[in-house]
Amino acid sequence: MAAPRSFLCRLALAYNGSSRGIHGLSGAVPPEGNQRKRRTLLQFLSDHFYDVEALRLYLLQIKMSKVHQENRSLAHIREKYGPYIAGAFFVLKQGGAVKFQDHEWIRPNKRGHFSREFLKLQTVPVQAVDASGCAINYDGLDNLLPLKELQSLSLQHCPHVDDWCLSRLYPLAGSLQELSLSGCPQISERGLACLHHLQNLRRLDISNLPAVSYPGLTRILVEEMLPNCEVLGMDEAQGL
Amino acid sequence: MFRRALRLRSSRVLLVRRLGTRRGGSTLDWDGKVSDIKKKIGSILPGETWAPLYDTRHLPPEHSDVVIVGGGVLGLSVAFWLKQLQKKRNGIRVLVVERDHTYSKASTVLSVGGIRQQFSLPENVQLSLFSVNFLRNINEYLAVVDSPPLDLQFNPSGYLLLASEQGAANLENNVKMQRQEGAKVGLMSPQQLQNKFPWMNVKGVALASYGMEDEGWFDPWSLLQGLRRKVQSMGVLFCQGEVTRFTTSSNSMVTSSGEEVVLKRIYEVHVKMNNSLEYQPVECAIVINAAGAWSGQIAELAGIGKGPPGTLKGTKLPVEPRKRYVYVWHCPQGPGLEMPFIADTNGVYFRREGLGNNYLGGLSPTEEEEPDPINLDVDHDFFQDKVWPHLAQRVPAFQSLKVQNAWAGYYDYNTFDQNGVVGPHPLVVNMYFATGFSGHGLQHAPAVGRAVAEMVLEGHFQTIDMSPFLFSRFHLGEKVLEDNIF
């Protein structure tokens with residue numbers, strides 16, 4: 001049934017309201033006027049027929065389950081190769097980059113392929129992870145939290161990273177020095193409040209967070225909360 | 001096509017009228033009569049309600065499989081899970097009867113909105129863990145096509161429970177049990193507390209437990225609206241009315257020891273409309289009592305508790321409304337963003353609200369000081385005398401504060417053991433309870449809804465075993481006490 005399913009998926013992508021792939025599932029919806037204008041045939045039909053509505057709900061759930069599939073726990077890899085390899089494999093599979101201690105950055109190429117050379121580095125800790133733009137979510141962080149020597153984590157423009165994910169970062173408090181959350185559409189000041197566990201943080205990038213309601217005030221409060229940390233972004237000129 | 005015919009017909013009727021006015025003045029309201037006839041014909045068309053005598057759109061349907069009394073978060077959660085777990089689409093018709101659609105006195109919306117796993121009963125911890133999982137994935141569970149995703153405004157700041165010398169051993173045991181169940185809770189000594197929260201005065205604190213993850217507070221109104229929206233899209237019917245009567249049929253049976261037991265079944269629910277005497281008898285198979293603070297009254301209507309005291313027949317549902325106050329104050333030098341939801345040794349609880357140095361909190365009064373639950377008026381002296389001294393002692397910055405706002409809400413207080421009642425009644429066999437949670441109903445609502453739906457559809461609890469919470473414990477005298485109630 002491969003052909004009909006791919007046709008359905010393309011149908012979903014083409015007609016399904018304002019969604020654009022994985023980014024459409026994030027909380028930053030475009031303003032109401034935009035949605036009104038793009039009233040498509042499928043939306044009209046789903047207002048009048050239960051079957052079409054059920055079909056659209058099913059397609060939405062397929063999209064969500066795809067994100068879950070990408071974030072499944074790699075327990076078998078962790079048992080075989082250790083936590084560092086499992087974390088690195090997870091990040092590389094999602095399209096991010098990984099840096100082991102005393103080694104260069106490992107990135108997948110344009111087609112998503114990456115060399116398996118890092119499988120030899122079982123005892124070398126992972127120093128930095130760049131997961132920008134990846135579809136990492138709360139469950140996927142399972143694979144990153146055992147990296148006890150992680151010093152730099154970049155979660156820029158990740159559409160599924162939200163306040164719940166930030167509350168989960170406290171196990172990295174011992175080593176994490178640099179954290180970048182710039183451009184994540186679902187992070188608000190409530191999630192930033194639980195970063196107070198990360199006492200070793202020296203650089204925090206919270207620029208361009210659309211869901212934070214009072215950027216200037218939030219920046220002041222975060223600076224008070226983390227006195228040793230340099231907070232980037234959210235200039236005081238923007239809405240105090 | 002019908003409408004064009006109607007228009008033509010009406011124009012021809014007017015012509016006829018002008019010609020035949022000599023026939024006499026019996027048809028003074030001809031235009032009114034014509035518009036009546038047009039409405040009646042319009043109601044025969046497919047998709048419209050057919051009500052030849054009078055308009056019945058506001059009345060509930062005459063038959064329904066399940067009637068849920070109470071449309072708060074527990075009632076809607078049961079409706080959601082009933083629809084979610086039904087095997088066939090539209091296989092079960094559910095009606096939610098809610099007296100007040102503005103929810104002005106409902107416990108759900110007046111609640112402080114906290115969720116925690118720090119309980120002393122393992123079942124309560126499991127309920128909280130399930131519910132927090134539900135809230136985390138709420139946009140998958142409550143996804144409605146073409147609606148924006150739900151924002152619960154969850155603050156994952158955690159709960160901090162403080163214990164004095166007497167309560168320290170208890171706290172430690174509780175934390176051990178909570179960690180075994182899977183909650184992420186840690187213990188802190190007074191020194192660690194002082195380092196972490198320099199604005200706190202740790203005098204009198206022997207031990208503290210801090211929830212690192214999955215604990216915090218959220219907006220109950222958005223959860224309610226999200227559930228409502230999803231449940232309406234799944235086909236659950238809503239009715240604004242009050243349940244005034246249950247019509248029951250009895251069946252007398254003999255137990256194996258020769259005792260005669262009278263089992264009752266509710267076969268009809270009378271739903272009365274607001275501000276009118278009009279009522280609709282709804283024939284039903286199952287009734288779910290999720291009426292919150294008024295569950296006791298609903299149970300009495302079904303005849304629960306009408307019998308000689310000490311027998312199962314005479315055991316009432318011990319849920320009654322208790323008034324609790326919540327105060328909001330502003331303190332410019334108060335704690336910052338890192339402040340968790342703090343529950344002090346004497347029961348005073350408070351948390352941060354928003355970014356503007358506002359805080360809210362309260363205290364559950366002792367049994368002797370219980371206020372009269374007849375209305376929701378706020379007693380400001382209670383804050384001055386009982387709450388403020390403790391606040392000022394725990395957080396010295398709170399010595400100067402200004403109360404901005406206060407409100408009162410009801411706890412559906414279970415006078416027996418302050419824990420919920422879930423499951424069917426042994427004698428009124430088709431009434432299921434989902435009430436009595438005494439202040440922690442909101443945080444357990446998704447899990448309890450699922451438990452009741454499983455009980456109704458499968459006949460037993462599947463995900464979480466809620467058998468300690470059945471009604472029969474009131475007759476048997478088995479208390480399931482919960483220590484951490486604020």
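Are Glu189(A) and Arg190(A) buried or exposed? Glu189(A) is buried, and Arg190(A) is buried too. That pair is a handy doorway into this structure, which is a predicted model.

## Starting from Arg190(A)

Let us stay with these two residues for a moment. Glu189(A) and Arg190(A) form a salt bridge, with 4.0 Å between the closest N and O atoms. Arg190(A) also forms a salt bridge with Asp151(B), where the closest N and O atoms are 3.6 Å apart. Arg190(A) sits in helix α8 of chain A, while Asp151(B) sits in the loop between α6 and β4 of chain B, so this pair joins two chains. The two partners differ in their surroundings: with a relative accessibility of 13%, Arg190(A) counts as buried, whereas Asp151(B) is partly exposed at 46%.

## Where the chains meet

Now step back to the whole interface. The contact draws 34 residues from chain A and 28 residues from chain B. Together the two chains bury about 2900 Å², and 62% of that lies on carbon and sulfur atoms. On the chain A side, Trp164(A), Tyr170(A) and Arg190(A) lose the most area to chain B, together 26% of what that side buries.

What holds charges and polar groups across the boundary? The count between chain A and chain B is 4 salt bridges, and 9 residue pairs are in polar contact across the interface. Several helices of chain A take part: α3 (41-48), α4 (50-70), α7 (163-166), α8 (189-192) and α9 (215-225) are the elements that give two or more residues to the side touching chain B. Of these, α4(A) gives the most, with 9 residues. Sorted by class, the chain A side that touches chain B has 16 nonpolar, 10 polar and 8 charged residues.

## An open sheet in chain A

Chain A also holds an open sheet of 7 strands, in the order β2-β1-β3-β4-β5-β6-β7, with mixed pairing. At the edges stand β2 (105-106) and β7 (230-232), each with a single partner strand, so one side of each is left without a neighbour in the sheet. Within the sheet, β4 (residues 152-154) and β5 (residues 178-180) of chain A pair in the parallel sense over 3 bridges. You can find Ser154(A) opposite Ser180(A) of β5(A).

## Strand β13 and its neighbours in chain B

Which strand of chain B has 4 of its 5 residues buried? That is β13 (residues 349-353), and with so many of its residues buried, the strand is largely enclosed by the rest of the structure.

Strand β13(B) pairs with β12 (residues 341-343) of chain B in the antiparallel sense, over 2 bridges. Here Ile342(B) has Phe350(B) as its bridge partner. The hairpin of β12(B) and β13(B) has 5 residues between the strands, and Gly347(B) takes a positive phi near 100° there.

Strand β13(B) is also joined to β14 (residues 358-362) of chain B by 5 bridges, again running antiparallel. Tyr349(B) has Gly362(B) as its bridge partner in β14(B). The hairpin of β13(B) and β14(B) has 4 residues between the strands, and Gly354(B) takes a positive phi near 75°.

There is a salt bridge here as well: the side chains of Glu353(B) and Arg351(B) meet at 2.7 Å, N to O. Arg351(B) is buried, with a relative accessible area of 4%, but Glu353(B) counts as partly exposed at 34%. Elsewhere in chain B, salt bridges that share partners join Glu320(B), Arg322(B), Arg324(B), Glu367(B) and Glu370(B) into one network. Over all chains, the structure has 21 salt bridges.

## Two residues with positive phi

Most residues other than glycine have a negative phi. Two residues of chain B are worth a look in that light, and the table sets them side by side.

| Residue | Phi | Place in chain B | Relative accessible area |
|---|---|---|---|
| Asn90(B) | near 60° | loop between α3 (73-85) and β2 (94-98) | 53%, exposed |
| Asp146(B) | near 70° | loop between α6 (138-141) and β4 (159-163) | 38%, partly exposed |

Asp146(B) lies in the loop between α6 and β4 of chain B, and that loop also holds Asp151(B), the partner of Arg190(A) across the interface.

Notes
Residues are numbered from 1 along each chain as its sequence is written. Chains are lettered from A and ligands numbered from 1 in the order in which they are written. This is a predicted model: local features need pLDDT of at least 70, side-chain atom pairs count only at pLDDT 80 or more; totals for chains, interfaces and linings use all residues. Side-chain values use heavy atoms; hydrogens and water are left out. Buried means under 20% relative accessible area, exposed over 50%, partly exposed in between (1.4 Å probe, protein chains only). Two strands pair if DSSP finds at least two bridges between them. Contact means heavy atoms within 4.5 Å. Buried area is the accessible area (1.4 Å probe) that two parts lose on being put together, summed over both. A polar contact is a pair of N or O atoms within 3.5 Å; within protein, one must be able to donate a hydrogen and the other to accept it, and residues adjacent in sequence count only if both atoms are side-chain atoms. Ala, Val, Leu, Ile, Met, Phe, Trp, Tyr, Cys and Pro count as nonpolar, Asp, Glu, Lys and Arg as charged, and the others, Gly among them, as polar.
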